[in-house]
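User: Please take a close look at the nonpolar interior of this chain. Which residues have the most contacts inside the largest nonpolar core?

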Amino acid sequence: MILMLKKMLKRFPRLYAFAQQLYPFTTVLPALFIGRRGSSDHLRSTWSLLCRSPFVAGRPINITIEPTNICNLRCPVCETGNGQLGRPSRQMTLAEFRTNIEKIGAHTNTLMFYFMGEPFLNSEAYQMIRTAKEAGIPWVTTCTNGDLVDPEQLVMSGVDEVSFQIGGMSQETHQVYRVNSDLERLLGNLKECLRLKRERRARLVIETGFILMKHNEHEVKAYIQYMSDLGVDRVSVVDPCVRTLEQGCEMLPKDKKHWFYDYSAFAQGVLSPRNKPRNNCPWIYYSMVILVNGDVVPCCRDATGKFVMGNLLIHSLDEIWNGDRFKKFRKKLFTDQSAISICNLCSSYPASRVN
């Protein structure tokens with residue numbers, strides 16, 4: 001029945017896009033009933049979104065935090081990997097992390113423990129995860145290139161979900177994008193995490209993501225079979241992002257169903273998202289990103305920190321979330337989104353789920 005409804009809605013792209021945005025709202029009522037953290041904030045934020053208000057009545061429930069903006073790899077699309085991040089390299093201290101959690105923890109439902117760097121380059125990463133869980137945050141998820149993970153500490157940290165990101169099923173294909181990564185070491189760490197999870201009966205969701213590109217798309221079936229045989233909880237194929245037309249020509253797969261981008265525009269030499277948002281973005285009513293130095297930016301599209309809304313190590317959450325900068329940003333988004341540079345390659349994100 002659900003598949004039939006989905007198929008019917010796809011005949012009407014705008015209606016389908018609207019239904020996709022509404023779907024996360026269905027997670028709110030059950031969560032509210034059991035008193036799940038963030039559920040009441042979600043409802044208040046939804047009301048503000050429906051009213052298209054620059055002021056958001058709920059607090060952000062989905063927080064991305066950057067434990068470091070340093071990485072051991074040199075992935076060519078990533079601003080950290082290609083040297084175009086434009087921010088000082090540093091690690092977040094445990095004291096700074098605790099200050100951030102003290103200010104956002106009471107409303108946070110989901111903490112995304114990674115951004116523009118390899119999180120486990122931070123020697124205090126595992127203690128940071130434990131700190132977040134001790135603060136009562138229901139869902140802590142992280143993403144890693146896998147090279148530097150300590151499986152024992154990761155499984156014992158209390159993290160709810162980890163995604164190992166892979167660039168190929170051979171060292172040759174893997175290192176085309178995952179420059180400086182050792183596939184054998186990555187897979188060894190993944191296997192040990194799976195073993196420890198079973199041994200300790202940990203409630204950890206272990207995911208793998210295959211970064212699909214032109215040079216590795218012939219390996220997708222082998223990847224899915226290999227990870228399924230290992231017993232990975234969730235096996236996914238990651239649709240690739242690029243920043244320039246040149247990168248697109250070099251890296252985007254031949255199978256265009258995995259493209260975020262407009263095929264006809266691309267053929268004419270223009271890189272543009274296939275589903276371009278029109279003065280609309282539900283995501284910024286539920287989420288924000290805390291950079292490694294405490295600066296807050298609206299979303300994950302602002303890797304370089306162009307739109308800083310305040311600093312959480314200095315200001316309160318309310319001063320930032322409903323401060324003049326954030327309200328002006330939301331107003332601009334509703335009236336002239338095309339003028340906001342970080343929105344130009346984005347297909348828009350729906351409302352955050354309640355985990």
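Analyst:
**The nonpolar core**

In this predicted model, the largest nonpolar core has 66 residues, and those with the most contacts inside it are Phe 97, Leu 111, Leu 154, Phe 164 and Met 288. Helix H9, which covers residues 183-200, gives the most to this core, contributing 7 residues.

Phe 97 can be followed residue by residue: leaving aside residues up to four places away in sequence, Phe 97 touches Ile 65, Met 92, Leu 111, Phe 113, Met 128, Thr 131 and Ala 132. One of these partners, Leu 111, is itself listed among the residues with the most contacts inside the core. Separate from this core there is a second one of 15 residues, whose members include Tyr 177, Val 242, Trp 259 and Leu 345.

The setting of these cores is a chain with 14 helices and 9 strands, in which 50% of the 355 residues count as buried. Of the contacts between residues at least 6 apart in sequence, 68% join residues at least 24 apart. The overall dimensions can be checked against a simple rule: a compact globule of 355 residues would have a radius of gyration near 20 Å, and because the chain has 20 Å, the two agree. Taken along the principal axes, the C-alpha atoms fill a box of roughly 50 × 50 × 50 Å.

As for the outside, the chain exposes about 16,900 Å², of which carbon and sulfur atoms supply 55%. The chain carries 45 positive and 34 negative side chains, with the centres of the two sets 8 Å apart.

Terms used: Residues numbered from 1 in each chain as written. Predicted model: local features only at pLDDT ≥ 70, side-chain atom pairs only at ≥ 80, totals over all residues. Heavy atoms only, no water. Helix = DSSP H or I, 4+ residues; strand = E, 2+ residues; numbered from the N terminus. Rg over C-alpha atoms; globule rule 2.2 N^0.38 Å. Buried < 20%, exposed > 50% of the residue type's maximum accessible area, 1.4 Å probe, protein only. Contact = heavy atoms within 4.5 Å. Areas by Shrake-Rupley, 256 points an atom, 1.4 Å probe, with all protein chains shown as cover. Lys, Arg positive; Asp, Glu negative; His and termini not counted. Charge placed at Lys NZ, Arg CZ, Asp CG, Glu CD. Core = buried A, V, L, I, M, F, W, Y, C linked by side-chain atoms within 4.5 Å.
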